[in-house]
Every structure is written in C-alpha cells, then in structure tokens.
Amino acid sequence: MITQLLYRHWDSWVDDKRQHLFVVGVATDGTAAGEPRNVTPGDNDAVPTSSTFSAGTEFAWSPDGREIAFTAPPLPLREQAWRTNHDVWTVNIATGEKKNVTAASPGADGCPRYSPDGKWLAYRAQARAGFEADKWTLHVIERATGQARALTPTWDRSVDSFTWSPDSQTIYLEAQDRGTRPIWRVAVTGGTPSPVVTGGVNGEASIARDGQWLTFTRASLTQPPEVARWRVGEAAPTPLTKTNADAVAALTLPRPETVTVAGAGGTPVQMWILKPPGFEAAKKCPLVFWVHGGPQSAFLDSWSTRWNPQVWAAQGYVIALPNPRGSTGFGQQFTDEISHDWGGRVFTDLMACLAHLEKQPWIDRTRMAAAGASYGGYMMNWFQGHTDKFKTLVTHCGVYDFVSMYGTTEETWFDEWDHGIPWENPDFEKWSPHKHAAKFKTPNLVIHNELDFRVPIGQGLALFTTLQRRGVPSKFLYFPDEGHWVLKPQNSELWHRTIFEWLAGYLKK
C-alpha cells in the first residue's frame with residue numbers, strides 16, 4: 001500500500017524503511033560495549049537516498065566525540081521526490097538533540113567534515129533548489145558562532161569530496177576539470193583552489209597526520225585504479241600499489257588523444273579519441289561514437305568496468321568520447337545549457353564533433369555507429385529521427401517518451417528542472433524522440449533492465465515496439481535482474497558479447 005512519493009529509488013523499493021545512524025561503544029579489547037544506539041530516530045533517513053547528493057561518507061564525528069554531523073534528505077517527506085534540499089544536521093550524542101545547521105540554504109548541502117581542531121565544520125552546497133547538477137561550492141561554519149561562509153563562491157568548478165589538513169588551515173578537494181579530476185587545495189580563508197595532483201582521475205584522498213603526505217586512488221583511460229601518494233611540495237605523485245601491473249602489461253592499451261572542436265555558437269567542445277590496437281593511419285577504420293549519460297556528467301580520463309572504451313577499441317574501432325553541452329568540468333554555464341534544450345545545442349555540438357572525425361583520413365565514413373546509455377540512450381533515439389549518418393545505433397536504458405518518463409520515474413525533480421511539468425509547460429514534449437518516430441529507419445539494438453526505476457523499462461519497450469512496427473531491423477536485450485547499470489559479471493559478459501556481435505554485423509567488412 002503506497003501513500004506518497006518517493007516509494008522506490010534507482011533499483012529498490014523503499015518499503016517504509018529508513019536508514020539511520022547508530023553508535024556503539026568499544027571496549028579495550030576491541031569488542032562492542034553494549035548494544036548499538038540509534039542517534040537519528042524518526043521518519044526520515046540520515047543519509048542521502050540518492051547517490052546524486054553523496055560525495056562518499058555523509059557523516060562525520062566531531063574531534064571531541066560529542067557530536068556527529070550528517071546529511072539528511074529534505075522534509076516534508078511527501079516532497080522528497082521533487083525537492084533537492086538536503087541539509088546538514090548535527091546530533092548531540094549524549095542528549096540526542098538534533099539541529100539543522102544549513103536550514104537557510106535552498107539547495108542541496110552535504111558531505112560534512114569537521115576540522116581537526118574542532119573550530120570549523122566544512123560542507124559543500126548548491127545554491128539553486130531543484131537542480132541536482134548545480135555547482136557544488138565549498139562552505140565552512142564557525143562552530144562557536146554558527147556563521148557560515150563560502151570558500152569557493154567564484155570558482156567555476158564543482159567540489160566533490162574533500163579532506164582537511166591536520167593543522168586545520170587547508171582543505172584538499174576533488175573537482176572535475178576538462179575531462180580530468182585533479183586534487184586541489186584551498187586555504188580555510190578562501191580563494192581560488194590550486195591543483196596539486198593533475199592528470200587522470202584522482203579521488204578518495206586522505207592526508208597523513210604530519211600533513212606531509214596525501215594518499216589517494218589514481219586512474220586513467222589506460223590504467224585501472226591504483227593507490228598513489230603525493231608529498232607536499234613535490235611535482236608529481238608516487239605509485240604505492242601495482243595491483244594490476246601484470247594484467248595491464250599483457251594488454252595493448254592505446255593512449256587517448258584529446259581534441260577541441262567548435263560547437264554551437266563557436267563554443268569549444270572537448271573530445272577524447274581512442275584508436276584501436278595496431279592502428280595504421282593509412283587504413284580506414286570504422287567509428288563508434290559515444291554519448292554519455294547524465295546528461296550532466298562527462299567522459300573523463302578514467303577507467304571503468306562497464307563502458308570501457310579500451311574494450312570497444314580492441315574490437316577494431318575508433319572510439320570517440322565527446323563532452324558536449326551539459327558536460328561537467330567545463331564551467332557551470334556549459335553544464336546549464338542542456339536544460340530545456342536536450343536536442344538543441346548539444347545535438348549541434350555532437351554533430352560538430354562527428355564532422356571533425358569524418359574529415360580524418362583514417363575514418364571510414366561508410367561504417368559509423370553510435371552508442372549511449374541513459375541520456376546517451378536518449379540521444380540515440382534523437383539520432384533516429386534527426387540524422388542518417390550512422391549504420392546502426394545502440395540504446396541502453398534511454399529516454400524515449402517524455403510524458404510517460406515523467407509519470408514513471410522516481411526523481412521527479414530531474415524532469416521538472418530539465419523539462420518542466422507536463423501540464424504546466426506547453427513545450428514539454430518539444431525534445432521527445434517519440435514525436436519523430438515516423439522518420440525512424442536506422443538499425444537499432446535496444447537494451448533495458450527491469451529494475452531500472454530511474455529510466456523505467458517502458459521506455460525501452462516502447463522504443464522497440466516502434467522500431468518493430470516500422471520494420472526497422474532491431475533487437476531487444478532484456479535483463480530482469482539489473483537496474484540502471486549492468487553490474488553482474490555474467491550479465492556484463494552477455495551485454496558486451498551482444499553489442500559487439502551487433503556492431504560487427506554493420507561495421508566489419
């Protein structure tokens with residue numbers, strides 16, 4: 001019996017259960033002293049229910065052990081499906097008294113971190129209510145006075161996770177920057193952060209007690225994650241682990257190239273290009289053109305166990321990974337310019353990137369395919385009605401019909417920010433692919449998963465029905481036990497094998 005939203009999320013039903021924080025004492029021998037005690041009772045969660053608003057561990061102990069700060073979803077409960085106003089709360093461990101310390105902030109707040117000296121409580125915050133992809137700005141609260149101030153108000157990058165230096169004078173943070181994710185540092189007094197570790201994607205940073213060593217994970221398009229460390233003042237980090245060294249040494253992993261193309265209005269658009277092993281410039285190669293999800297996300301110089309371009313390039317294809325409008329790490333305006341414009345400037349950006357590739361003498365223009373998931377899947381469906389450049393398309397969990405998507409998805413704040421509300425916005429369906437179904441003709445592999453509540457299964461079923469009814473060559477790969485992503489190993493093997501067999505039928509001579 002369901003009485004209100006949010007009744008399911010991503011791939012799970014809520015079932016009237018809440019996630020709370022518990023504390024338990026520890027005896028001198030390391031065993032539990034007593035029973036765990038719930039310090040956040042009540043009809044709300046004590047962690048973000050959506051990973052969209054999480055930057056890792058969303059609670060922290062004060063240095064004196066008397067208080068815990070945590071991130072909680074917005075109240076009232078019935079509005080959680082369309083509000084993003086997460087707040088940072090504190091709870092007194094002895095008395096159980098809770099306090100909302102970011103109540104004045106209209107957007108999402110989270111990732112609380114106490115300074116080692118206990119003077120400050122740092123957190124990240126979004127200024128705009130309802131916009132999950134707004135810029136995350138770093139803030140600190142002076143605990144003695146309760147006064148909050150922004151440390152990075154004018155910096156045009158979005159703060160991910162962060163950690164304090166032992167002297168409480170510096171914060172090391174992670175933030176995307178033009179297809180990479182460096183580690184930056186900023187003084188507690190504020191200012192523009194400066195990068196200390198660059199190249200690839202770096203994260204999960206922690207600092208030694210002497211403040212001299214920063215340890216973190218480090219990955220790239222040619223390197224699975226390993227642990228590295230950087231000494232303050234040195235130019236480059238030092239690898240600490242080589243867990244994947246033997247496996248990587250046995251592989252041919254071409255290094256990616258990056259190019260910048262003039263997109264809509266002349267705006268620069270960055271794109272990664274990965275050529276296949278054994279690439280010869282004198283020979284023409286088939287192309288697979290990717291579009292990322294989000295849509296407010298980005299293709300980074302990073303490793304993945306799902307959409308890994310090295311695995312696709314190894315099939316003999318050039319893989320293109322463009323970062324068009326909506327991509328993160330290129331300034332907030334660039335991210336903003338996809339909202340209410342899903343098939344507009346971003347489509348122009350993508351076609352400009354494709355045109356750049358078509359000019360290369362090593363691209364076979366007669367053998368080009370495109371693939372994408374989530375928003376990328378949406379763009380495959382938009383391509384169906386707006387370009388005949390591709391021999392085939394691969395749509396994974398893509399949006400097809402805006403109205404049914406709005407009525408069946410769970411995070412309605414997303415649709416309402418990017419498209420509006422159907423009965424209030426007369427242009428709600430302007431960019432909906434289903435309106436152009438009469439022009440669909442490109443062969444299409446459709447993949448969708450039963451437990452995907454973000455982009456529900458009906459989107460894929462409706463697309464496949466349309467393709468079949470129009471006589472367009474198409475197949476439907478259905479996973480009854482996966483959510484938005486295919487995560488189980490054998491399912492992943494089937495996913496890859498099906499896609500590569502489908503692509504080979506259209507791209508290989």
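# Exercises on strands, pockets and aromatic pairs

Strand β21 (residues 257–262) and strand β22 run antiparallel and are joined by 6 bridges. The model is a predicted one.

## Exercise 1

Describe the surroundings of strand β22 (residues 268–274), starting from its burial.

Solution. Step 1: count the covered residues. In β22, 6 of the 7 residues are buried, and the strand is mostly covered.

Step 2: take the partner on the β21 side. Val259 stands opposite Met271 in β22. The hairpin of β21 and β22 has 5 residues between the strands, and Gly265 there takes a positive phi near 70°.

Step 3: take the other pairing. β22 pairs with strand β24 (residues 318–323) in the antiparallel sense, over 5 bridges. Here the bridge partner of Ile273 is Ala320 in β24.

## Exercise 2

Work out whether strand β6 (residues 67–72) is enclosed or open, and place its partners.

Solution. Step 1: apply the cut-off. A residue is buried at under 20% relative accessible area. In β6, 6 of the 6 residues are buried, so the strand is largely enclosed by the rest of the structure.

Step 2: separate the two directions. In a regular strand, side chains alternate between the two faces of the sheet. Glu67, Ala69 and Thr71 point one way from β6, while Ile68, Phe70 and Ala72 point the other way; all are buried.

Step 3: list the pairings. Strand β5 (residues 59–61) runs antiparallel to β6 and is joined to it by 3 bridges. Phe59 stands opposite Phe70 in β6. In the hairpin of β5 and β6, with 5 residues between the strands, Gly65 has a positive phi near 75°. Strand β7 (residues 87–92) is also antiparallel to β6, with 6 bridges between them. Ile68 has Val91 in β7 as its bridge partner.

## Exercise 3

Which strands stand at the edges of the open sheet that contains β9, β10, β11 and β12, and why is one side of each left without a neighbour?

Solution. Step 1: write the order. The sheet has 4 strands in the order β9-β10-β11-β12, with antiparallel pairing.

Step 2: find the ends. β9 (109–114) and β12 (147–150) each have a single partner strand, so one side of each has no neighbour in the sheet. From one strand to the next the twist averages 25°.

Step 3: look at an inner pair. Strand β10 (residues 120–125) and strand β11 (residues 137–142) pair over 6 bridges in the antiparallel sense. Trp120 has Glu142 in β11 as its bridge partner.

## Exercise 4

Set out the linings of the second largest pocket and of the largest cavity by residue class.

Solution. Step 1: take the pocket. The volume of the second largest pocket is about 650 Å³. It is lined by 25 residues, of which Leu6, Tyr7, Trp13, Val14 and Asp15 are the closest to its centre. The lining divides into 10 nonpolar, 8 polar and 7 charged residues.

Step 2: take the cavity. The count is 1 cavity of 30 Å³ or more. The largest cavity has a volume of about 40 Å³. Its lining consists of Leu6, His9, Thr49, Ser50, Pro73, Pro74, Gln80, His86 and Trp413. By class these are 4 nonpolar and 5 polar residues, with no charged ones.

Step 3: check for overlap. Leu6 is among the residues closest to the centre of the pocket, and Leu6 also lines the cavity.

## Exercise 5

Classify the aromatic pair of Phe464 and Phe476, and say which elements it ties together.

Solution. Step 1: use the plane angle. Planes under 30 degrees apart count as stacked, over 60 as edge-to-face, and the rest as tilted. Phe464 and Phe476 have 50° between the planes and 5.6 Å centre to centre, and the pair is tilted.

Step 2: place the residues. Phe464 is in helix α8 (residues 457–469) and Phe476 in strand β28 (residues 474–479), so the pair ties together parts 12 residues apart in sequence.

Step 3: assess exposure. Phe464 counts as partly exposed at 22% relative accessibility, and Phe476 counts as partly exposed at 23%.

Step 4: set the pair in context. The structure holds 32 aromatic pairs. One aromatic cluster has Trp342, Tyr375, Tyr378 and Trp382 among its members.

## Exercise 6

Is Arg209 buried or exposed?

Solution. Step 1: locate the residue. Arg209 lies in the loop between β17 (201–207) and β18 (213–220).

Step 2: apply the cut-off. Exposed means over 50% relative accessible area. Arg209 has 84%, so this residue is exposed.

Step 3: add a distance. Arg209 and Asp167 are 9.2 Å apart in space, C-alpha to C-alpha, and 42 residues apart in sequence.

Notes
Residues numbered from 1 in each chain as written. Predicted model: local features only at pLDDT ≥ 70, side-chain atom pairs only at ≥ 80, totals over all residues. Heavy atoms only, no water. 1 Å grid on protein atoms, 1.4 Å probe; cavity = no way out; pocket = protein on both sides within 12 Å on 5 of 7 lines; lining within 4 Å. Points joined across faces, edges and corners; volume = space filled by probe spheres on them. Nonpolar A, V, L, I, M, F, W, Y, C, P; charged D, E, K, R; others polar. Pairing = 2+ DSSP bridges. Helix = DSSP H or I, 4+ residues; strand = E, 2+ residues; numbered from the N terminus. Axes fitted to C-alpha atoms, helices over the stretch in contact; angles between N-to-C directions. Phe/Tyr/Trp six-rings, centres within 6.5 Å; stacked < 30°, edge-to-face > 60°. Buried < 20%, exposed > 50% of the residue type's maximum accessible area, 1.4 Å probe, protein only.
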